[in-house]
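Q: Please take a close look at one helix of this model and at what surrounds it, and then follow the side-chain pairings in the rest of the chain.

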Amino acid sequence: MNTLAPVPDGGDESLMKLAVREALAAQEHGDVPVGAVLVREGRVLARGHNTRDLLGDPSGHAEMNALRLGAQRAGSWRLDGCELFVTLEPCPMCAGAVVAARIDRLVFGAFDPKAGACGTLYNIPEDPRLNHRTRVVRGVLAEECAEPLARFFGERRDGGGGGGI
């Protein structure tokens, strides 16, 4: 798809709600419900959700999938001028990819106390030692973003399933 979808009215919250819908798509096929939306110049460039279990790919995180598709659609790995909306604080791999892709702004919902690399355990996007810094907005619709994760892991605990982010 080469045409970009217009961003809905409502700012960061409306874009985070799109990311929550992506997260629910991951849950439909048994993956941890994390979703991401990549935006450039007021248009949705790409969406992604976790596909790690579905595809057996350790890099199948929502952010990585959105960045890959966004780079393909943009025709460049450089995604300057883009904003990434993610339902869960990115891990070190994804935070590094955000910096490498030159994302201008990262907005996330739920904090990740076990793997968060955007302010919780580390702060990769804003590290002044790196060649690019990404502005980070934290906690947008945090409860709404955390709810599918809590439900998913609660069902796994109750049902004896494994998994992890």
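A: In this predicted model, the buried residues of α4 pack against two elements, α3 (62-74) and β4 (82-88). Helix α4 itself covers residues 92-100, and its buried positions are Cys94, Ala95, Ala97, Val98 and Val99. An α-helix has 3.6 residues a turn, so residues three or four places apart point the same way. Within α4, Cys94, Ala97 and Val98 are among the buried residues. Just after the helix, Arg102 adopts a positive phi of about 65°.

Further along the chain comes strand β5 (residues 105-110), in which Arg105 lies. The side chain of Arg105 meets that of Asp12 in a salt bridge, at 2.6 Å from N to O. Because Asp12 belongs to helix α1 (residues 11-28) and Arg105 to β5, this pair ties together parts that are 93 residues apart in sequence. Arg105 counts as buried, since its relative accessibility is 12%, below the 20% limit for that class. The pairing also extends beyond two residues, as Asp12, Glu83 and Arg105 are linked in a network of salt bridges.

Five salt bridges are found in the structure, and two others can be described in detail. Asp127 forms one with Arg129, the closest N and O atoms being 2.5 Å apart; here Asp127 is buried at 14% relative accessibility, whereas Arg129 is exposed at 74%. In the other, the side chains of Arg151 and Glu147 meet at 2.5 Å, N to O. These two residues are four apart in helix α5 (residues 142-159), which means that about one helical turn separates them. Both partners are partly exposed, Arg151 with a relative accessible area of 33% and Glu147 at 38%.

The aromatic side chains complete the picture, with a count of two aromatic pairs. Phe108 and Phe111 form an edge-to-face pair, 5.2 Å centre to centre and with 85° between the planes. Phe108 is buried, at a relative accessible area of 0%, while Phe111 is partly exposed at 45%. Phe152 and Phe153 also pair edge-to-face, at 5.1 Å centre to centre with 85° between the planes, and Phe152 is buried with a relative accessible area of 5%.

Key. Residues numbered from 1 in each chain as written. Predicted model: local features only at pLDDT ≥ 70, side-chain atom pairs only at ≥ 80, totals over all residues. Heavy atoms only, no water. Buried < 20%, exposed > 50% of the residue type's maximum accessible area, 1.4 Å probe, protein only. Contact = heavy atoms within 4.5 Å. Phe/Tyr/Trp six-rings, centres within 6.5 Å; stacked < 30°, edge-to-face > 60°. Salt bridge = Lys/Arg side-chain N within 4 Å of Asp/Glu carboxyl O.
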